[in-house]
Every structure is written in C-alpha cells, then in structure tokens.
Amino acid sequence: MLLYLRLLSESFSFAINALRNNKLRTLLSLLGVTIGIFSIIAVLAAVDSMDKKIKEDLSDMDMNTIYLMNFSFGPSEVPRWKREQFPKVSYDEFEYLKKSVPSIEKISFNFFARNESVKYESNTVNSIRMKPSTDEFFDIEPIKIETGRLFNEAESNSGSPVIVIGSEVAKGLFENSDPIGKKIRLYGQKLTVIGVLKKQGQGMFGDSNDVAVFFPVNFLRRMYGDENDALRAAILIKPEKGVDIEEFKAELSQKLRAFRGVKTGDIDNFFLNVLSGFTDFIDNIIGQMNMIGWIISAFSLLVGGFGIANIMFVSVKERTNLIGIQKALGAKNKFILFQFLFEAVILSLIGGIVGMFLVWIIALILSSALDFEFVLSASNMLLGSGLAAFIGLISGIIPAISASKLDPVEAIRSGM
C-alpha cells in the first residue's frame with residue numbers, strides 16, 4: 001500500500017512538473033478535457049435544474065388532474081386539420097359533468113385568455129396573465145393568499161366583478177398602500193380587489209401567479225360569451241382518491257360523447273389531458289436533451305483524450321533515460337505502467353476540475369442574475385470526476401504500456 005501511495009505521489013509530482021515546465025503545450029492539450037467535462041456537466045446541471053423547477057411547480061397539483069380541452073398537451077395521432085374542427089368545451093358541459101359523474105371530487109371551468117393591462121388611477125401594469133375560473137379551481141390548484149380572500153361560489157356563479165391579484169400586480173398598482181377594497185380597471189370594467197396572493201417566484205414556463213389575476217369566469221362569459229376566438233376554454237377535473245384513472249377517463253369520455261352526440265365508431269372530438277402524461281412528456285424531452293448534450297460533449301472528450309495521449313507520449317520520450325535507470329535498479333514493468341497511468345489520470349482530473357469549476361462559477365452568476373436556481377449536484381460532480389479519470393485512463397494506457405516495455409539498456413543508451 002505504501003508503495004502505491006508513493007507511486008501516486010511521484011505521479012502527481014510528474015504531472016505538476018509537466019504543467020509547470022510545458023505550460024502552453026499542457027494547457028492546450030487539457031483544453032479538450034476541460035471543454036468536454038464543462039459541456040457535459042453544464043448540460044446535466046441545466047437539465048437537472050429544469051427538472052427540479054418543474055417538479056416544484058407541479059408539486060401542489062394532483063398528477064391525476066385532467067384537462068378536458070379541444071387540443072392535446074403532447075403529440076397526437078389525430079391530424080391537425082381534424083383537431084382544428086373540434087368544438088370548444090362549454091360551460092354547459094362543465095355543469096353536466098359536474099352533476100352526472102359521481103367520482104369527480106372537484107371540477108372547474110376556466111378560460112385561457114391573452115394577457116391584458118390592468119389600471120388603478122394613474123398606474124398601469126401591462127402583460128398581466130388572465131386566469132378567469134370558477135371557484136372550484138382553488139381546490140384543484142392550491143393558491144396561497146397573503147391578504148384578503150378568494151372569491152366564493154356565489155360570486156363565481158353570478159360573475160361578480162371581484163378580483164384576486166398577484167403580488168407583483170399589487171406592487172405595480174398600489175406600491176405600499178393596501179389594495180383590498182380598491183377598484184381596478186380591466187376589460188373596460190371596474191373590479192373590486194378582494195385578495196392578494198403570496199409571492200411565488202418565477203415558474204418554469206413563465207407562468208408565475210405573481211403577475212396574474214384571478215376573477216370569476218362568468219364575469220368574462222357575460223361580456224364575450226363562449227365563442228370568442230380570444231378565449232380558449234378548459235374543464236379541469238380532479239377525480240376522487242383511489243379511482244382507477246383509466247376507468248375514470250373512459251367514463252368521462254362516454255358521458256361527453258353522449259352529451260355531444262358523437263356517433264359510434266367516430267373518434268372523440270376532445271382531448272382528456274392527464275397531468276401525469278404531461279410530466280412524462282416533459283421527462284422525455286429532458287431525456288432527449290441529456291442525450292444531445294452527451295453526443296456533443298463526446299467530441300470534445302475525444303479531442304481531450306488525444307491531447308492527454310499526446311502529453312503522455314511526449315512525457316515517455318522525455319523520460320526514457322529515467323525509465324531505463326529505474327528498471328536497471330529493479331523497478332518492475334508494473335511500477336512503470338502505474339506511474340504513467342496515474343500521471344495521465346491526474347492530468348485529466350485537473351482538466352475536469354477546471355471544467356466543473358467553470359460550470360460552478362457560471363451557475364452562481366446565472367442564479368444571482370435570473371430568478372432561477374441552477375443546481376450543480378454532488379452526483380454530477382462525481383460523474384464529471386469519474387469521467388475525467390476514465391478519459392485519462394483510456395488515453396494513458398498505450399503510452400504507459402510502451403513505457404513499461406522499454407528495454408533498460410536501450411532506454412539508458414537513448415538518453416545519453
């Protein structure tokens with residue numbers, strides 16, 4: 001054990017001497033490993049950060065929540081021209097399903113509307129996300145209130161002009177004053193602020209409730225009806241716990257087909273988008289991004305491997321005389337082999353550590369500049385270190401073997 005520790009120490013000294021004595025050559029050779037490890041760890045860190053953020057954003061949602069809409073979250077086998085002919089889901093269908101499907105725990109009717117501006121006296125906040133819904137939506141997607149309250153069932157059914165605003169909206173309109181009870185202008189109408197949401201932070205898809213407002217969907221229906229092209233309707237359905245999701249979807253499909261009069265043999269003219277299916281779709285995209293990152297980084301690692309091999313061949317050439325002396329004094333082939341292998345691994349690890357250090361620095365800068373946390377996990381750092389060591393091992397094996405097989409007499413003679 002002591003022998004190998006001494007061997008490791010000597011190899012580390014040789015590696016540092018290679019860096020010190022041939023700075024430019026060594027740095028250029030290590031650049032490939034540095035870029036390769038940087039590319040892989042940067043991609044993995046970015047993807048892991050995205051995955052973490054997505055899961056945090058969806059953590060409060062029931063993964064069995066169903067979005068009943070006239071379009072699909074993911075790829076669909078239905079041709080595009082046919083999907084465009086699907087009718088919008090309606091408020092009547094919402095009320096029908098609410099009464100006719102007993103295994104529904106919560107159901108809400110929502111509009112996806114384009115961003116609008118909201119005003120209070122001389123203050124205006126632009127590009128605010130509209131979230132018109134029924135009151136049941138707050139039981140499906142938990143909303144945290146800072147001050148005030150959410151609108152209730154009576155206000156939802158009657159379409160009362162009441163509104164709940166995000167923290168950034170409140171800040172932009174009212175600054176430090178209390179917004180509760182004040183009237184803001186939206187869609188040319190005045191709505192009374194009844195609640196302010198807790199600060200959430202930026203969502204993964206730019207959908208933070210900090211820049212959103214919630215109000216009764218019937219308020220908007222009363223103004224524009226159900227057929228306005230600027231409004232896209234969706235029915236959110238949360239099944240009771242323990243219900244078989246496939247049987248539940250089949251029951252929903254049967255009820256809606258009957259309500260719409262879809263003939264037997266015809267395809268459904270609606271989509272039942274399950275939230276868990278959406279997360280699977282996202283996981284698939286993240287997996288593909290990981291794969292692309294690995295493929296791109298592999299070329300840099302290949303170049304880095306050739307660079308390490310070049311350093312080691314030069315090192316063997318420069319130390320041929322020393323190798324001959326070591327062998328003449330009784331050093332075995334295995335000792336020489338491990339000496340150069342350790343040196344190759346240490347050089348490659350240095351390049352890998354520099355690459356990971358660059359990722360760490362960039363992650364800190366981006367995390368402080370953006371409202372998004374980049375995560376450089378311990379597992380990714382271990383992966384980067386292991387990969388760098390592997391590249392060094394593979395790149396140094398041939399030079400190490402050639403060094404270990406040198407004839408001591410010829411080696412000493414060639415160095416004279």
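A salt bridge is a side-chain nitrogen of Lys or Arg within 4 Å of a carboxyl oxygen of Asp or Glu. Keep that in mind while you move through this model, which is predicted.

**First stop: Asp139 and Lys106**

Select Asp139 together with Lys106, and you will find a salt bridge in which the closest N and O atoms are 3.6 Å apart. Asp139 belongs to helix 5 (residues 137-140) while Lys106 belongs to strand 2, so this pair ties together parts of the chain that are 33 residues apart in sequence. If you then show the surface, Asp139 is partly exposed, with a relative accessible area of 41%, and Lys106, at 30% relative accessibility, also counts as partly exposed.

**Second stop: Glu93 and Arg260**

Next, select Glu93 and Arg260, whose side chains meet in a salt bridge with an N to O distance of 2.6 Å. This pair links distant parts of the chain, since Glu93 sits in helix 4 (residues 91-100) and Arg260 sits in helix 9 (residues 245-260), 167 residues apart. Are these two residues buried or exposed? Both Glu93 and Arg260 are buried.

**Third stop: Arg114, Glu116 and a network**

Now select Arg114 and Glu116, which form a salt bridge whose closest N and O atoms are 3.8 Å apart. Arg114 has a relative accessibility of 57% and, because exposed means over 50%, it counts as exposed. Glu116, by contrast, counts as partly exposed at 22% relative accessibility. Then select Glu168, Lys199 and Asp210, which are joined into one network by salt bridges that share partners. By the rule given at the start, the count comes to 11 salt bridges.

**Fourth stop: the nonpolar cores**

Turn from charged side chains to nonpolar ones, and select Leu68, Ile163, Ile165, Phe215, Ile237 and Leu252, which have the most contacts inside the largest nonpolar core, a group of 45 residues. The largest share of this core, 5 residues, comes from strand 2 (residues 104-113), the strand in which you have already met Lys106.

Stay with Ile237 for a moment and ask which residues it touches, not counting those up to four places away in sequence. They are Asn64, Thr65, Ile66, Leu68, Leu97, Ile104, Lys106, Ile107, Phe248 and Leu252, and so Lys106, the partner of Asp139 in the salt bridge of the first stop, appears here again.

Finally, select Ile41, Ile311, Val359 and Ile391, which are among the 28 residues of another core that lies apart from the largest one.

Key
Residues numbered from 1 in each chain as written. Predicted model: local features only at pLDDT ≥ 70, side-chain atom pairs only at ≥ 80, totals over all residues. Heavy atoms only, no water. Core = buried A, V, L, I, M, F, W, Y, C linked by side-chain atoms within 4.5 Å. Buried < 20%, exposed > 50% of the residue type's maximum accessible area, 1.4 Å probe, protein only. Helix = DSSP H or I, 4+ residues; strand = E, 2+ residues; numbered from the N terminus. Contact = heavy atoms within 4.5 Å.
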